Structure formats: structure tokens, C-alpha cells
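Trainee: Could you take me through one part of this model slowly, and then show me how that part sits within the whole chain?

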Amino acid sequence: MSAVSETELQWHLQGNWAPVFDEVDGNELEVVGEVPRELNGVYIRNGMNPKSGHSDHWFFGDGMLHGVTFEDGRVSYRNRYVRTPAYLEEAGADGGLGDLANSKANTHIVRHAGKVLALEEGHLPWLVDEQLNTIGPYDFAGRLKGSMTAHPRICPETGEMMFFGYSMMAEPYLTYHRANAAGELVQTEVIDIPNPVMMHDWNVSRNYVIFMDLPLVFDLEAAMKGESPFGFKPEVGARLGVMPRDGGNADVRWFDIDPCYVFHPMNAHEEGDKLVLYVCRLNSAMRNGMDDMYSGDESLGKMTRWTIDLKAGTVQEERLDDAPIDFPRVDDRTIGMPSRFGYAMGLDPNAQSLTFDRYLYKYELATGGRDRLDLGKGVRGAEPVFAARTPESVDDDGFVLSLAHDENRNQSKFLVMDAQNFSGKPLAEILLPQRVPYGAHGSWMPDS
Ligand SMILES: [Fe+2]
């Protein structure tokens, strides 16, 4: 690493955003409280962790996986880089641009049909295992010929995994894909959208998928001049596209909405002729270019309900809460269906850059009511992920899992909360053997 002072570093390389370089294993971790015996499986979180110590943007660091394994009350930790061409420094002289396998694999990790996929949104998935070993790029037996979002949705009823890929450089700008419960890619549809937009996430209900064509637009000319490749352009409008899960481009119904941005929806479900979406809605995103991840409260998500009336052809928008939040999750077994509860991470509205906050939130979606867990001064949370107590448990009978970092002691922790006593003292605080940088998304993968 070059000798630059901490204050000269970009925000995503400072403090607990800074990468760690060692791959470690820690067994029989120290626990404050008690680990529920029902938790058996592995939580894996992905995040950007530049091997060189530097990346030009938060989004571009090499993917590092952090795994916390639970076995009959004992907890172990392991972290490993995803061994991509960029990590191994095997990418071509052009940096691998245009090579679909040349992913940083740094944004999310999901398990479907027995395969664990490390995901980023511009390339193919990377196949890994639950011990965090890298296997290689994954293209669904040659059937996936474009990028895959980091936010696929797995239907708890059919076992299907639905996803999309977007392209900024060339048409098609959007492609829809559906894999069956066995993991075979069975459907691919090109979807027409007018502009190359950054489409980070989307929505799935029992019968439909809902695309978000929001005005974070790729500007090739600006990119060629070395300027920010993305700009927030409310003048191009914003639309939601509703399509039957097995439909195609001709079946998509587009609904205009007020321009905004949504990195992450929480969930969507159907009520008769209506689709109800819960999203973390930002008034604008990257207004001053790609480096502008934070420009005050307007660039932070707020819990918002969109109700699409398929009969009337309208969308109603209601803000449910003013708390700045993002990284929302529900019980994965309720994806596409009415979730009684959802969870989200607080963001700090008073910081100088994108900053995770000391608060985690639990929402009761129908009412917008919420509980808030205060992690304490100098402690910052992460994406809260729900783990059911047993496969039969309903509603919030289970645990909320989250990484946290205590900046006072420079100690990273893994928290297990009782979902039914969310704002109370966590059931277990597991002290991790190495700092875990603030990162992106993760999944709880229970033992079957
Ligand atoms: Fe995301």
C-alpha cells in the first residue's frame, strides 16, 4: 500500500470500510449471551475488499466472503476472497472488460438448487461452496449469455429462481431469466426499455415480476470522456413494468411513477387486482455522479409503499416512515407473499459520506409501525437477515442476524436477536476474530 494518510483516502477505504487482507479461521468463538441451539447452518456475507488496498469506487473492490457457521451452539468464522481473474491478476490487459466471467463477485451470495452463487451485477455469477472455496464462473450450462443481477428472487412456493440482467453498453438493455427448482435456466426474454439504466434490484410477487426503470442513466459519452458514467436524469421519467412470471416483452404493462431511485425493495405481494410493493425509496441517487453515493437525506432510502392497481392503471405512493434506511429484508420464506414483518438497516443522515447507523429496524408492513434496536454509540450495524426458528415457524418466530462493528474497540461482532423482542438485548453477541469491513449483502443458509 502507498503511504497516503487516512484523511486523503476516499470514504470507502477509511475506518471499517478499509479492506482486511488476511484469510483466517476462528473456532469456538467467544459469545456474550447464549447462541440458540436451533440455529444450525451458515450465514455468509459478501463485500468489497480490494486486494491491492485501493479501489476507485466502493463498488469495485474484490469480493470477500465472511462466513459464520453455527453448529449445536458452537460458532466459527472464516473469510475468503472469491478467487476471480481480477483477484488472481489474470484479467486481460483491458482489465477484462467485456468478459462476462470477469466479475468481482462482490455484492451478494445466494443458494439455489444446492449451488451457492457469489453475485455482482455486470457479469456471470461465481460458484463457490459453503466453506467459501471458489469453484468458478457459472453460466447455467451455457444458457446464460449475459450478466446476472446480484438480487435474484427465489420463490418459496415453486422453488424457481427469477432474475434479470442489465447492460449499459449495448442493447438489449434488459433481459429476464427464470430458472426452475432444479436450477435449470428455462426461460430468457429480452425486455425493451428506452434507456440504459442502472437496475440494481427488482420485485417478484406470486404471479408477476415488477421491473423498475428508474432514471439512473448510463451516459456513454460522459464515460468516454472520463466523467461519471451514471447520472440521475429525472427528465427521462420513471416506470414500473409488470409482467407475468412466464410472460415476455409483449406482456409487460408499464406504469409511470414520480422519478426517484430504489436500490432495494423489501418485498411485494398481490391483493386481488392490486400489487403492493414495499421499497426503500430515495428522492435521487448519484445526483452529482457515481462517486456521489450520499448527498444528504434525500439520497437515503425511506420506507415507501407503492400500490399498483392493475384494473385502474394507477400507482399510489405512500411514505410510511421518515427514518433513513436501506438493505431491507423479509423472511425468505415469504418472498412474493404478504410478509407480516420486514427488517432494515439504518443509515446516518448526519454523516459526511454513506454511513451505516447505530440502528436496526423491524417494520410491521401493513401498518408501517416499527421497532428500533439501538446498538449503542459508535456501533454500526449491517443488513439484518431473518432466520426461522424451525422450518414450520411462522411470522417472526425466529432470529434476526446481523454483523455489527464497534468502532470504540475496533471489534466486529455477529449479533443474534430474538425477532419477537427485536429492540431488546440481543440473545448472543459473537466476537469475531478479525475486523469485518462494512460490506454488502448476505444470506442465512440453514442446514437441511
Ligand atoms: Fe444490493
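Mentor: Let us begin with a hairpin: β30 and β31 are joined by four residues, and asparagine 410 in that turn has a positive phi of about 50 degrees. Before going further, note that this is a predicted model, in which local features need pLDDT of at least 70 and side-chain atom pairs count only at pLDDT 80 or more, whereas totals for chains, interfaces and linings use all residues. Residues are numbered from 1 along each chain as its sequence is written. Strands here are DSSP runs of E with at least two residues, helices are runs of H or I with at least four, and both are numbered from the N terminus; two strands pair if DSSP finds at least two bridges between them.

Within the hairpin, β30 and strand β31 (residues 411-418) run antiparallel and are joined by eight bridges, and the bridge partner of phenylalanine 399 in β31 is aspartate 418. Phenylalanine 399 of β30 also stands opposite alanine 387, and strand β29 (residues 385-388) pairs with β30 in the antiparallel sense over four bridges. Strand β28 (residues 379-380) pairs with β30 as well, again antiparallel, over two bridges, with valine 379 having aspartate 406 in β30 as its bridge partner. Strands of a sheet pair in this way through backbone hydrogen bonds, either parallel or antiparallel.

As for its surroundings, eight of the nine residues of strand β30 (residues 398-406) are buried, so this strand is largely enclosed by the rest of the structure. Here a residue is buried if 20 or more other C-beta atoms lie within 10 Å of its own, exposed if 12 or fewer, and partly exposed in between, with C-beta atoms placed from the backbone. Across the chain, buried residues make up 46% of the 448 residues.

Turning to the whole, the chain has one helix and 33 strands. Its radius of gyration is 21 Å, close to the 22 Å that the globule rule gives for 448 residues, so the chain is as compact as a globular protein of that length; the radius is taken over C-alpha atoms, and the rule is 2.2 Å times the number of residues to the power 0.38. The C-alpha atoms fill a box of roughly 55 × 50 × 45 Å, taken along the principal axes. Among contacts between residues at least 6 apart in sequence, 52% join residues at least 24 apart, a contact being two residues whose C-beta atoms, placed from the backbone, lie within 7 Å.
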